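Visitor: I would like to take a close look at a single part of this model, and then follow outward from there to whatever surrounds it. Could you walk me through it slowly, as you would for someone in a first year of study?

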Amino acid sequence: MVPYLITFLISILLCGCAELAMKHSRAGGVLLLGAAVLPPVFLAGARDFTVGTDIRAYGNYVFTYARFSSNPITFMWRKSDIEPFYKGLAALVSRFTDNPHWFYFATALVICGCIMGGLYHYRRFCSITLSWACFLFLFYGDALNTMRQCLALAVVFWSFPFFLRKKYILYALFQVVAILFHTTASIALLFPLLYLVLR
């Protein structure tokens, strides 16, 4: 528990510094937000293989198959119960390393990066630091367990601002990307309708 609390504290402090820095320099603030993402990403990548149920359920074996696959494109679209973009991420990482910890690092980088990107968009409505703390304490643990679902959810969260800006094609494109990480993201196709009803 202590490594998580220390990691969260460092990340939240960096996020708070980023919000303060943005009042003077947006570029400096964005760099600090990027730095705030890294501690939980490194923790996710360095964790033991006993942390997170999906590592044993499918994470390690998908990465192992990706390593020994001669054709990553074929591997990515081969029929299976695992969505193609998750396998594609495994295949991409396996071209550079045979260490699965880097695969979990990449998975966490996509999840945390997309969440932070979404929070950056909503900075006019809520504190990025408080929202990031909520993510770390409430949802980060889920990102270690349900990796594919969290990848899809993070892409949906990051891409919804495209709909708000009336960039409907981009929004639809990223919903497809989310679905290709996990099929449950198809429920996000109802979000625009729900948003219009709530409006």
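Guide: Let us begin with helix α5, where Pro-84, Tyr-86, Lys-87, Gly-88, Leu-89, Ala-90, Ala-91, Val-93 and Ser-94 are buried. Please keep in mind throughout that this is a predicted model. The helix runs over residues 84-94, and with nine of its 11 residues buried it is mostly covered. What does the covering of these buried residues include? Among the elements that cover them are α3 (53-68), α4 (72-77), α6, α9 (147-164) and α10 (168-181).

One of those neighbours, α4, holds Phe-75, and this residue shows how the contacts come about. Phe-75 has a relative accessibility of 6%, and because buried means under 20%, Phe-75 counts as buried. Leaving aside residues up to four places away in sequence, Phe-75 touches Lys-87 and Ala-91, and also Val-62, Tyr-65, Ala-66 and Ser-69. Both Lys-87 and Ala-91 are among the buried residues of α5. As for Val-62, its C-alpha atom is 9.8 Å from that of Phe-75, and the two residues are 13 apart along the chain.

A further residue of α5, Tyr-86, leads us to the aromatic rings, since Tyr-86 belongs to one aromatic cluster together with Phe-49, Tyr-58, Phe-63, Phe-103 and Tyr-104. In the structure as a whole, a search finds 23 aromatic pairs. An example away from the cluster is the edge-to-face pair of Phe-8 and Phe-137, whose centres are 5.2 Å apart and whose planes make an angle of 80 degrees. This pair links distant parts of the chain, for Phe-8 is in helix α1 (residues 2-22) and Phe-137 is in helix α7 (residues 128-138), 129 residues apart. Phe-8 is buried, with a relative accessible area of 6%. Within the cluster, Phe-63 and Phe-103 form a stacked pair, with 5.6 Å from centre to centre and 15 degrees between the planes. Phe-63 lies in helix α3 and Phe-103 in helix α6, so this pair ties together parts that are 40 residues apart in sequence. Both Phe-63 and Phe-103 are buried.

Tyr-104, another member of the cluster, brings us to an enclosed space, because Tyr-104 is one of the residues that line the largest cavity. The search of the whole structure finds one cavity of 30 Å³ or more, and the volume of the largest cavity is about 60 Å³. Besides Tyr-104, the lining includes Ala-44, Arg-47, Thr-107, Ala-108, Ile-111, Cys-112, Tyr-140, Ala-143, Leu-144 and Met-147. The elements that give two or more residues to this lining are α6 (100-121) and α8 (140-145), and the largest share, five residues, comes from α6. Sorted by class, the lining of the cavity has nine nonpolar residues, one polar and one charged.

Helix α6 also has a part in the largest pocket, where α6, α7 and α9 each supply at least two residues of the lining. The volume of this pocket is about 360 Å³, and of the 16 residues that line the pocket, Ile-115, Phe-135, Phe-139, Leu-153 and Phe-157 are the closest to its centre. The most comes from α9, which gives six residues to the lining. By class, the residues lining the pocket are 13 nonpolar, two polar and one charged.

Cys-112, which we met in the lining of the cavity, raises the matter of disulfides. How many disulfides are there? The count comes to zero. Cys-112 holds the cysteine sulfur closest to that of Cys-150, but the distance is 9.5 Å, which is too far for a bond because a disulfide needs the two sulfur atoms within 2.5 Å. Cys-150 counts as buried, at 12% relative accessibility. For Cys-17 the closest cysteine sulfur is in Cys-15, and at 9.4 Å this too is too far for a bond. Cys-17 counts as partly exposed, at 40% relative accessibility.

Finally, we return to two of the helices that help to cover α5, namely α9 and α10, and look at the loop between them, which is the place of Lys-166. Most residues other than glycine have a negative phi. Lys-166 is not a glycine, and yet it has a positive phi of about 65 degrees. Is Lys-166 buried or exposed? At 63% relative accessibility, Lys-166 counts as exposed, whereas nine of the 11 residues of α5, where we began, are buried.

Technical notes. Residues numbered from 1 in each chain as written. Predicted model: local features only at pLDDT ≥ 70, side-chain atom pairs only at ≥ 80, totals over all residues. Heavy atoms only, no water. 1 Å grid on protein atoms, 1.4 Å probe; cavity = no way out; pocket = protein on both sides within 12 Å on 5 of 7 lines; lining within 4 Å. Points joined across faces, edges and corners; volume = space filled by probe spheres on them. Helix = DSSP H or I, 4+ residues; strand = E, 2+ residues; numbered from the N terminus. Nonpolar A, V, L, I, M, F, W, Y, C, P; charged D, E, K, R; others polar. Buried < 20%, exposed > 50% of the residue type's maximum accessible area, 1.4 Å probe, protein only. Contact = heavy atoms within 4.5 Å. Phe/Tyr/Trp six-rings, centres within 6.5 Å; stacked < 30°, edge-to-face > 60°.
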